[in-house]
Amino acid sequence: MNRPEQELPLDWGPEGEPIFQDPDAQALRRVAVIDVGSNSVRLVVFDGAARSPAYFFNEKLMCALGAGLADTGHLNPEGRQRALQALHRFTTLAEAMGATPIHTVATAAVREAKDGPEFIEEVEDLTGLRLRVIDGLEEARLSAQGVLLGWPGAEGLMCDIGGSSMELAVLKGGEIGDCVTSPLGPLKLKDIEDPEELRTYVTGIIDDLAKAVGDLHDRIYLVGGSWRAIAKLDMMRRGYPLTVLHEYSLTRTQVAETIEWILGQDNEALRSQAGISPERMTLVPIACMVLEILLERFDTKEVFISSYGIREGMLYEQMPDPIRQRDPLIEACRFAEATTARLPGFGRQLYHFVRPLFPKERWRLVKAACLLHDTAWRAHPDYRHEVCFDNATRANLGGLDHQGRVFLGLALLHRYKNNRADSRFDPLFTLLNEDQIQEAEILGKAMRFGAMFSSQAPQELIALRLDPVKTLLTLTLSKPAIPLFGEVAEARLTSLAKSLNVKTEVIEG
């Protein structure tokens with residue numbers, strides 16, 4: 001069977017040729033970043049060739065380098081030794097993976113500690129790495145770039161909370177505006193023992209920050225482990241069915257309810273139930289107070305959790321602008337199709353075939369589904385629909401909110417199975433309304449039908465036209481397509497029409 005991409009002109013549409021074929025993208029296949037923060041030290045090795053960050057390797061150690069820094073002016077001695085050991089291991093691993101040069105960044109604790117320069121020299125003597133110590137404004141810029149990696153065109157305020165500092169950056173139309181830094185890191189704030197004194201101090205700092213970045217921001221993107229811990233606890237409180245933190249959204253009311261709930265619970269019990277580390281959990285109550293004051297001061301309506309931050313921002317830094325402008329979701333789906341589908345390129349043709357059934361605002365997810373429709377073919381046939389759903393809802397995909405994940409997963413489920421009754425995924429379907437569920441089913445069944453014509457480009461063999469006024473779905477078959485329209489194909493067309501609640505008409509041309 002010939003691959004359709006070799007038979008058709010390379011008309012890739014508005015996205016252009018797949019980005020992973022670009023030499024600049026190939027240079028992003030192994031990008032190693034070591035982040036030395038006030039609370040943790042982490043190595044991430046990215047495969048960024050598809051524009052969306054794929055984590056080839058990811059390991060962190062909670063070192064608490066910044067613990068006690070406000071009192072002593074020095075790095076935490078125990079944390080310092082643990083950090084050195086971790087950096088030695090991380091350097092060895094990255095070099096073995098061929099992920100060199102290694103990009104490094106050290107933030108508030110190292111830049112503020114009196115013994116920071118000594119620590120930098122020690123790291124270089126042990127590992128050969130020269131840590132790049134950045135100031136707060138650069139930290140804010142890099143974290144904002146991490147948000148843009150997942151949210152092209154983001155609008156609002158980025159807030160990155162680390163152990164010893166908190167940074168803000170204005171995002172407008174996909175560009176980074178004013179950046180500010182502050183000492184509002186939970187490790188540093190925990191040294192202020194009096195609750196009223198602490199609240200007064202935090203409020204004063206945030207008032208100053210608002211003067212620099214503007215005091216009205218309807219949307220805030222939260223970056224950092226303490227924010228993610230709060231979001232994780234919010235999911236637990238609400239019984240939220242999808243535990244993917246990236247692009248998890250909350251209203252200001254939900255945040256307030258969760259903060260009140262957290263502060264009324266036993267910390268250790270919560271930590272155990274949510275699987276949060278003891279080191280992180282001790283900082284959560286302070287982070288709750290900072291978040292409460294932050295949202296009130298900026299009159300924020302929507303809160304979004306970003307799993308992408310400074311490390312992803314450093315990957316974004318390596319990307320030429322043409323790559324940055326690409327849609328992270330579509331590029332990741334194209335890469336998945338090219339590397340795992342039976343017929344790479346057929347997804348684009350399938351998209352053009354099914355697109356007439358959907359409104360323009362849905363086309364982006366329709367395209368993503370078509371690109372992924374055959375990427376789970378190696379799974380056992382009895383479980384292929386479940387694998388598809390899991391892949392879509394759990395994958396590390398940028399540019400995809402939680403409703404989009406479930407819509408995509410449900411469409412792919414119906415690509416392989418007509419019926420979703422008594423599915424183990426039922427709780428996740430509650431994230432969609434009835435119209436969205438119906439639309440996902442229609443997309444899945446349309447892909448299921450179109451895949452019957454994968455020996456050639458379906459739009460050259462058949463055409464679908466939906467007349468909502470006449471409630472009629474018309475299938476036009478070209479002469480070469482007539483032998484392909486057998487009993488199974490006819491049954492799939494009937495199933496699609498049933499989901500659309502229309503009659504069918506078949507025209508042989």
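The following exercises, each with a worked solution, concern a predicted model.

**Exercise 1. The four-stranded sheet**

Determine the strand order of the open four-stranded sheet, identify which strands stand at its edges, and describe how helix H14 packs on it.

*Solution.*

Step 1. The order of the strands is S3-S2-S1-S4, and the pairing is mixed.

Step 2. Strand S3 (54-62) and S4 each have a single partner strand, so one side of each is left without a neighbour in the sheet, and these two strands stand at the edges.

Step 3. Direction ignored, neighbouring strands of this sheet are turned by 15° against each other on average.

Step 4. Within the sheet, strand S1 (residues 31-36) and strand S2 (residues 40-47) run antiparallel and are joined by six bridges. In this pairing, Val33 stands opposite Val44 in S2.

Step 5. Helix H14 (residues 310-318) packs on the sheet and touches S1, S2, S3 and S4. The direction of H14 makes about 140° with that of S1.

**Exercise 2. The peptide bond before Pro101**

State which kind of peptide bond joins Thr100 and Pro101, and locate Pro101 in the chain.

*Solution.*

Step 1. Omega for the bond between Thr100 and Pro101 is about 0°, and the bond is cis.

Step 2. Pro101 lies in the loop between helix H3 (77-96) and strand S4 (102-106). Strand S4 is also the edge strand named in Exercise 1.

**Exercise 3. The pairings of strand S10**

Establish how strands S8 and S9 pair with S10, and how S10 is covered.

*Solution.*

Step 1. Strand S8 (residues 219-223) pairs with S10 in the parallel sense, over five bridges. For Arg219, the bridge partner in S10 is Glu302.

Step 2. Strand S9 (residues 249-251) runs antiparallel to S10, and three bridges join them. Here Leu250 stands opposite Val303 in S10.

Step 3. Strand S10 (residues 302-306) is mostly covered, with four of its five residues buried.

**Exercise 4. The packing of H16 and H18**

Characterise the packing of helices H16 and H18 by angle, distance, handedness and residue composition.

*Solution.*

Step 1. Two packed helices are described by the angle between their axes and the distance between the axes.

Step 2. For helix H16 (residues 328-340) and helix H18 (residues 363-372), the axes come within 8 Å and cross at roughly 15°.

Step 3. Angles under 35 degrees count as roughly parallel. The two helices, H16 and H18, are therefore roughly parallel to each other.

Step 4. The crossing in which H16 passes H18 is left-handed.

Step 5. On the H16 side, the contact involves Leu329, Ile330, Cys333, Arg334, Ala336 and Glu337. On the H18 side, these residues meet Arg364, Leu365, Lys367, Ala368, Leu371 and Leu372.

Step 6. Classified by type, the residues of the contact of H16 with H18 comprise eight nonpolar, no polar and four charged.

**Exercise 5. The three-stranded sheet and the loop before S13**

Work out the arrangement of strands S11, S12 and S13, then examine Asn501 in the loop that leads to S13.

*Solution.*

Step 1. The three strands form an open sheet in the order S11-S12-S13, with mixed pairing.

Step 2. Strand S11 (462-467) and strand S13 (503-508) are the edge strands; each has a single partner strand, so one side of each is left without a neighbour in the sheet. From one strand to the next, the twist averages 20°.

Step 3. Strand S12 (residues 472-477) and S13 run parallel, joined by six bridges. The bridge partner of Leu477 in S13 is Glu508.

Step 4. Asn501 is located in the loop between helix H24 (487-500) and S13. Its phi is positive, about 60°, although Asn501 is not a glycine.

Step 5. The relative accessible area of Asn501 is 65%, and exposed means over 50%, so Asn501 is exposed.

**Exercise 6. Asp422**

Is Asp422 buried or exposed, and what is its phi?

*Solution.*

Step 1. Asp422 belongs to the loop between helix H20 (402-416) and helix H21 (426-429).

Step 2. Although Asp422 is not a glycine, it has a positive phi of about 55°.

Step 3. With a relative accessible area of 76%, Asp422 is exposed.

**Exercise 7. The contacts of Ala70**

Identify the residues that Ala70 touches, not counting residues up to four places away in sequence.

*Solution.*

Step 1. Ala70 is part of helix H2 (residues 69-72), and at 47% relative accessibility it counts as partly exposed.

Step 2. With that exclusion, Ala70 touches Lys188 and Asp191.

Step 3. Ala70 and Asp191 are 121 residues apart along the chain, and their C-alpha atoms are separated by 7.4 Å.

Conventions. Residues are numbered from 1 along each chain as its sequence is written. This is a predicted model: local features need pLDDT of at least 70, side-chain atom pairs count only at pLDDT 80 or more; totals for chains, interfaces and linings use all residues. Side-chain values use heavy atoms; hydrogens and water are left out. Two strands pair if DSSP finds at least two bridges between them. Axes are lines fitted to C-alpha atoms, for helices over the stretch in contact, and angles run from 0 to 180 degrees between N-to-C directions. Buried means under 20% relative accessible area, exposed over 50%, partly exposed in between (1.4 Å probe, protein chains only). Angles under 35 degrees count as roughly parallel, over 145 as roughly antiparallel, 65 to 115 as roughly perpendicular and the rest as oblique. A crossing is left-handed if the near helix is turned anticlockwise from the far one by less than a right angle, and right-handed if clockwise. Contact means heavy atoms within 4.5 Å. Ala, Val, Leu, Ile, Met, Phe, Trp, Tyr, Cys and Pro count as nonpolar, Asp, Glu, Lys and Arg as charged, and the others, Gly among them, as polar.
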